[in-house]
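Got your viewer open and a hand on the mouse? Let's take a walk through this structure, one selection at a time.

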Amino acid sequence: MEKSFSKKLNDIDIERRLLLSENCIKDFPRGHEAYLKFKDEDGQVWTFRCRVPPGGGSKPALSGDWFLFVRSKDLKVGDVIVIALDREKDQAAGEQFTIKVKKTTSTTRN
C-alpha cells in the first residue's frame, strides 16, 4: 500500500515553508537536511530542501524550490497538496515523491 500525506495549506505553508506532520518522514534523522525530488502532475521534477530540526516536537519543513512551486501552481491558503512516495521512481534520480494539488474554489476560500 502506497503511503501518502495530504495537507490543507495555511499562511506559513504559502509564505515561509511547508510544515509536515512529524510522522510524515519519521525515519529521517533529526538535525539533518536533504534535497528531495518531487514530480508534479505535469511531470516536472522539483527539488525541495527538507530539514528536520534537532530536538523533539519539531516538524519537518520543506523549502528551497517549494516557493517556486507555490508561485508556479498559484497556490493559495486552503488549497490541498497530496504527497506520495513514487513506487516507480527513477533509480538514477534517487528518492522521488509525487506531489498533487487540489485547488479550492474561490467561493470556498476565506
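Start by selecting Ser63, which sits in strand E5, residues 61-64. Bear in mind as you look around that this is a predicted model. Is Ser63 buried or exposed? Its relative accessibility is 15%, and because buried means under 20%, Ser63 counts as buried. Now show what surrounds Ser63: apart from neighbours within four places in sequence, Ser63 is in contact with Phe48 and Arg49. Remember those two names, as we'll visit both.

**The sheet**

Switch to a cartoon view and pick out the strands. Seven of them form an open sheet, and its order is E1-E6-E7-E3-E4-E5-E2, with mixed pairing. Which strands stand at the edges? They are E1 (4-8) and E2 (18-19); each has a single partner strand, so one side of each has no neighbour in the sheet.

Next, select E6 (residues 80-85) together with E7 (residues 96-102). These two strands run antiparallel and are joined by six bridges. You can look at individual bridges too: Ala84 has Thr98 in E7 as its bridge partner, while Ile81 is matched with Val101 in E7.

Keep E7 selected and add E3. This time the pairing is parallel, over three bridges. Click on Lys39 and you'll find that its bridge partner in E7 is Thr98, the residue that also partners Ala84. How enclosed is E7 by the rest of the structure? Largely, because five of its seven residues are buried.

**The nonpolar core**

Time to go inside. The largest nonpolar core has 21 residues, and Trp66, Leu75, Ile81 and Ile83 have the most contacts inside it. The elements giving two or more residues to this core are strand E3 (32-39), strand E4 (45-52), helix H2 (66-72), E6 and E7.

Select Ile81 and show its surroundings. Not counting neighbours within four places in sequence, Ile81 is in contact with a whole list of residues, including Phe5, Leu18, Trp66, Leu75, Ile99 and Val101. You've met Val101 already, as the bridge partner of Ile81.

**The rings**

Now show the aromatic side chains. The structure holds six aromatic pairs. One of them is Phe38 with Phe97, a stacked pair with 5.2 Å centre to centre and 25° between the planes. This pair links distant parts of the chain: Phe38 is in strand E3 and Phe97 in strand E7, 59 residues apart. Both Phe38 and Phe97 are buried.

Another pair is Phe48 with Trp66, and here the arrangement is edge-to-face, at 5.7 Å centre to centre with 85° between the planes. Phe48 lies in strand E4 and Trp66 in helix H2, so the pair ties together parts that are 18 residues apart in sequence. Phe48 has 0% relative accessibility and counts as buried; Trp66, at 0%, counts as buried as well.

Want to see how the rings join up? Select Phe38, Trp46, Phe48, Trp66, Phe69 and Phe97: ring pairs link them into a cluster.

**The charged side chains**

For the last stretch, look for salt bridges. How many does a search of the whole structure find? Six.

Go back to Arg49, the contact of Ser63 from the start of the tour. Its side chain meets that of Glu33 in a salt bridge, 2.8 Å from N to O. Arg49 is in strand E4 and Glu33 in strand E3, 16 residues apart. At 27% relative accessibility, Arg49 counts as partly exposed, and Glu33, at 39%, also counts as partly exposed.

Finally, select Lys73. One salt bridge from Lys73 goes to Asp40, with the closest N and O atoms 3.0 Å apart. Lys73 lies in the loop between H2 and E6 and Asp40 in the loop between E3 and E4, so this pair ties together parts that are 33 residues apart in sequence. Both Lys73 and Asp40 are buried.

Lys73 also meets Asp42 in a salt bridge, at 3.0 Å from N to O. Asp42 lies in the loop between E3 and E4, so this pair ties together parts 31 residues apart in sequence. Lys73, at 18% relative accessibility, counts as buried, whereas Asp42, at 65%, counts as exposed. Select Asp40, Asp42 and Lys73 together to finish: salt bridges with shared partners join them into one network.

Notes
Residues numbered from 1 in each chain as written. Predicted model: local features only at pLDDT ≥ 70, side-chain atom pairs only at ≥ 80, totals over all residues. Heavy atoms only, no water. Helix = DSSP H or I, 4+ residues; strand = E, 2+ residues; numbered from the N terminus. Buried < 20%, exposed > 50% of the residue type's maximum accessible area, 1.4 Å probe, protein only. Contact = heavy atoms within 4.5 Å. Pairing = 2+ DSSP bridges. Core = buried A, V, L, I, M, F, W, Y, C linked by side-chain atoms within 4.5 Å. Salt bridge = Lys/Arg side-chain N within 4 Å of Asp/Glu carboxyl O. Phe/Tyr/Trp six-rings, centres within 6.5 Å; stacked < 30°, edge-to-face > 60°.
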